[in-house]
Amino acid sequence: MQIDWGAFTPWSALGGGALIGAAAVLFASLAGRVAGISGIVGGLLRPQRGDVGWRVAFVLGLLAVPTVYRLVGPDFAFQLDASLQTLIVAGLLVGYGSRLGSGCTSGHGVCGLGRRSARSLAATVAFMAAGVVTVAIVRHLLP
Amino acid sequence: MTPKAHRGEIVAALAAGALFGAGLLVSGMANPAKVLGFLDVFGRWDPSLALVMASAVAVGLAGFGLSAKRAQSVLGLPMRMPAKGSIDRRLILGSVVFGIGWGLAGLCPGPALIAITTGSPGAIAFVVSMLAGMALFEWIRKRGSE
């Protein structure tokens, strides 16, 4: 292992993480719900009366910040290198897997760990390990 | 649910979504290249996202403890936090499948939604595909319960 100190951004990481944590706590204390993105979006594909509005509102809030930021500020760092075919396969895996596993980085990784859930800890270890192994194979084993 | 509580829920969701989006932007999680740099433990490793998670979880540990014992939310809504369950095959299999997709693209669901605002064709393809994957899950579950 070799640490890429040039890319390391500890302060924005800590600050951004605190905002994410604050969003999850705010949502739980005000609305009594988990701020898990895959669950919020996935629930829209199984629409039920009285259960759509808050999901749409959360997604709109999430989209509003980068949209406004792009209008008034400099472009934020965004670099997507994977090929279109890879992205289509990856999207399917992320969508299906996060629903099968009842959560993603936000629901398990932030909310679940914050709530001391053993299930979420197991899920987080599983998706982190799978992500690390996948990147290792793609970057260092495949020709 | 009263109309007032319902409106409160919508406003809370909008505010929490915006705060969440700001956190993803500030932290660097919205940049797939940075996420892959974090997952590249065997290459040149960028540990930043470990701090994002540690910071978010620390705030969560402090904040969720306070709301955990409440019977109702501050707005008078029922608490709908997930019940404690067992660690089963479905949880692990789903998480591994999700992790493989995350490692291939560097995108997970929240950052993927933010990525659409860049207009990147690849990001749009990813999100359409992700929604298809979620719809496939609903379809299989519906068939299984019939």
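This tour moves through a predicted model, from the contact between its chains down to a single residue.

**Chain A against chain B**

Begin by selecting chain A and chain B together. Their contact takes 105 residues from chain A and 104 residues from chain B. On the chain A side, the elements giving two or more residues are strand E1 (2-3), helix H1 (10-31), helix H2 (37-43), helix H3 (53-72), H4, helix H5 (105-114) and helix H6 (118-141). Colour H1(A) separately: this helix gives the most to that side, with 21 residues. Colouring by class shows 66 nonpolar, 30 polar and nine charged residues on the side of chain A that touches chain B.

**One pair of helices across the contact**

Next, select residues 84-100 of chain A, which form helix H4, and residues 121-145 of chain B, which form helix H6. Two packed helices are described by the angle between their axes and the distance between the axes. Here the axes come within 7 Å and cross at roughly 35°. The crossing of H4(A) past H6(B) is right-handed.

Show the side chains of this pair. Among the residues that H4(A) brings are Leu84(A), Leu87(A), Ala90(A), Gly91(A) and Arg99(A), and those met in H6(B) include Gly122(B), Phe126(B), Met130(B), Gly133(B) and Phe137(B). By class, the contact of H4(A) with H6(B) has 18 nonpolar, five polar and one charged residue.

**Phe126(B) and the nonpolar core**

Which residues should be selected around Phe126(B), leaving aside its neighbours within four places in sequence? From chain A, Phe126(B) is in contact with Leu87(A), Ala90(A) and Gly91(A). From chain B, its contacts are Ala105(B), Leu107(B) and Ala112(B).

Widen the selection to the largest nonpolar core, which has 84 residues. Phe126(B) is one of the residues touching the most other members, along with Ala23(A), Ala24(A), Phe27(A), Ala16(B) and Ala112(B). This core draws at least three residues from each of domain 1 and domain 2 of chain B.

**The two domains of chain B**

Finally, select chain B alone and colour residues 1-81 as domain 1 and residues 85-146 as domain 2, following the domain assignment. The C-alpha centres of these two domains lie 18 Å apart. Their contact takes eleven residues from domain 1 and eight residues from domain 2. On the domain 1 side, helix H1 (3-27) and helix H2 (32-39) of chain B are the elements that give two or more residues. The largest share, five residues, comes from H2(B). That side of domain 1 divides into ten nonpolar residues, one polar and no charged.

Definitions and conventions: Residues numbered from 1 in each chain as written. Chains lettered and ligands numbered in written order. Predicted model: local features only at pLDDT ≥ 70, side-chain atom pairs only at ≥ 80, totals over all residues. Core = buried A, V, L, I, M, F, W, Y, C linked by C-beta atoms within 7 Å. Buried ≥ 20, exposed ≤ 12 C-beta atoms within 10 Å, placed from the backbone. Domains from an automatic or database assignment. Contact = placed C-beta atoms within 7 Å. Helix = DSSP H or I, 4+ residues; strand = E, 2+ residues; numbered from the N terminus. Nonpolar A, V, L, I, M, F, W, Y, C, P; charged D, E, K, R; others polar. Axes fitted to C-alpha atoms, helices over the stretch in contact; angles between N-to-C directions. Left-handed = near helix turned anticlockwise from the far one by under 90°.
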